[in-house]
Amino acid sequence: MARPSIRVSWLPSFHDPAHVRHRWRAWLAQRMLQAVQWLGIVIYVQTDHEQRLLAGPRCRLSSHALGPQIRTQLGRLPPASSRRIDLLFLGRPTVQKGWPRFLELVRATGLGAMAIVPVIPSTEPAIPELQLEVAPSDTEISRLLEEAKLMVIPADYESFGLAQLEAVAHGCIVPILGCWPLWDSFRSLHWQSCSISQLSNYCRRLCSSEPLRRRLAHRQRHYLLCHPLMKTAWLPDL
């Protein structure tokens, strides 16, 4: 602000206040992101939904990090593999990311599961079916995504992060367990209102039927490739 001639851009990790438990914090973040636009800061968001929430003079759509590499990967058939991991979690093991619900699902299904986490969760009891991978390299994460059938991140709200996108590009199925505006018109995997018992049945069905799993994985990749997000520039005007 001391040097207004310098352009400042911001890519916030913004959650819709209507779909998170910490609503007052999300509401304050929304108001703050609206206000800073009047100070000359350009806010880049990933969906039309977020752009409407942060409406202001300097709110732009951006594909974030969807560069040529990830677009090419989405259009390429994933390598055939045994897909030894039934359920995969990737992210911080927190309530906000749905970690307790993921553990409940692993217990209920009895399926082989893996969690890729930045740190070892210290408060959860051991689950025999769950294997932890702590802070692996990017190369190792890509390899594990190619070995997974379903990525399950049961957060209350996700604006479609890169973890989900990379999972789809590597041939994983990504069920919709939170409010993800990007997926609003893709109905095949809308599982938001399912109980743990229903989720368990769906997961077991998909993991036991390779033709069904492959068909849904292909449809998700095709849906993303045809999505307007893929035609949106990364940090336009910057």
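Four strands form an open sheet in this predicted model. Their order is 6-5-4-7, and the pairing is parallel. Strand 6 and strand 7 stand at the edges, and each has a single partner strand, so one side of each is left without a neighbour in the sheet. From one strand to the next, the twist averages 30°. As a reminder, strands of a sheet pair through backbone hydrogen bonds, either parallel or antiparallel. Within this sheet, strand 5 and strand 6 run parallel and are joined by five bridges. To locate that pairing on the display, please find Ile 116, whose bridge partner in strand 6 is Glu 133.

I turn now to helix 4, residues 99-109. Which of its residues are buried? They are Trp 99, Phe 102, Leu 103, Leu 105, Val 106 and Thr 109. These residues cover an arc of only 160° around the axis, which puts them on the same side of helix 4. The general principle is that an α-helix has 3.6 residues a turn, so residues three or four places apart point the same way. And what do the buried residues of helix 4 pack against? Their partners are three strands of the sheet just described, namely strand 4 (85-90), strand 5 (113-117) and strand 6 (130-134), together with helix 7 (196-208). After helix 4 comes Gly 110, which has a positive phi, near 70°.

The model also contains another open sheet, formed by three strands in the order 1-2-3, again with parallel pairing. Here strand 1 (8-10) and strand 3 (59-61) are the edge strands; each has a single partner strand, so one side of each is left without a neighbour in the sheet. The twist in this sheet averages 30° from one strand to the next. Strand 2, residues 41-45, pairs with strand 3 in the parallel sense over three bridges, and Ile 43 stands opposite Cys 59 in strand 3. Lying across strand 1, strand 2 and strand 3 is helix 1, residues 23-37, which runs at about 130° to strand 2.

The last element I wish to present is helix 8, residues 210-225. At 1.5 Å a residue, its 16 residues should span 22 Å, and the end C-alpha atoms are 23 Å apart, which agrees. The buried residues of helix 8 are Leu 212, Arg 213, Leu 216, Ala 217, Gln 220, Arg 221, Tyr 223 and Leu 224. They cover an arc of only 165° around the axis, which puts them on the same side of helix 8. They pack against helix 3 (68-75), strand 7 (148-151), helix 6 (162-169) and helix 7.

How do helix 7 and helix 8 meet? Two packed helices are described by the angle between their axes and the distance between the axes. For helix 7 and helix 8, the angle is about 100° and the axes are 5 Å apart. The two helices are therefore roughly perpendicular to each other. Helix 7 contributes Arg 205, Leu 206 and Ser 208 to the contact, while helix 8 contributes Glu 210, Leu 212, Arg 213 and Leu 216.

I close with a single residue of helix 8, His 218. Is His 218 partly exposed or buried? With a relative accessible area of 47%, His 218 is partly exposed. Its C-alpha atom is separated by 9.5 Å from that of Ala 169, although the two residues are 49 residues apart along the chain.

Note on methods:
Residues are numbered from 1 along each chain as its sequence is written. This is a predicted model: local features need pLDDT of at least 70, side-chain atom pairs count only at pLDDT 80 or more; totals for chains, interfaces and linings use all residues. Side-chain values use heavy atoms; hydrogens and water are left out. Buried means under 20% relative accessible area, exposed over 50%, partly exposed in between (1.4 Å probe, protein chains only). The arc is that of the directions from the helix axis to the C-beta atoms. Contact means heavy atoms within 4.5 Å. The expected span of a helix is 1.5 Å times one less than its number of residues. Two strands pair if DSSP finds at least two bridges between them. Axes are lines fitted to C-alpha atoms, for helices over the stretch in contact, and angles run from 0 to 180 degrees between N-to-C directions. Angles under 35 degrees count as roughly parallel, over 145 as roughly antiparallel, 65 to 115 as roughly perpendicular and the rest as oblique.
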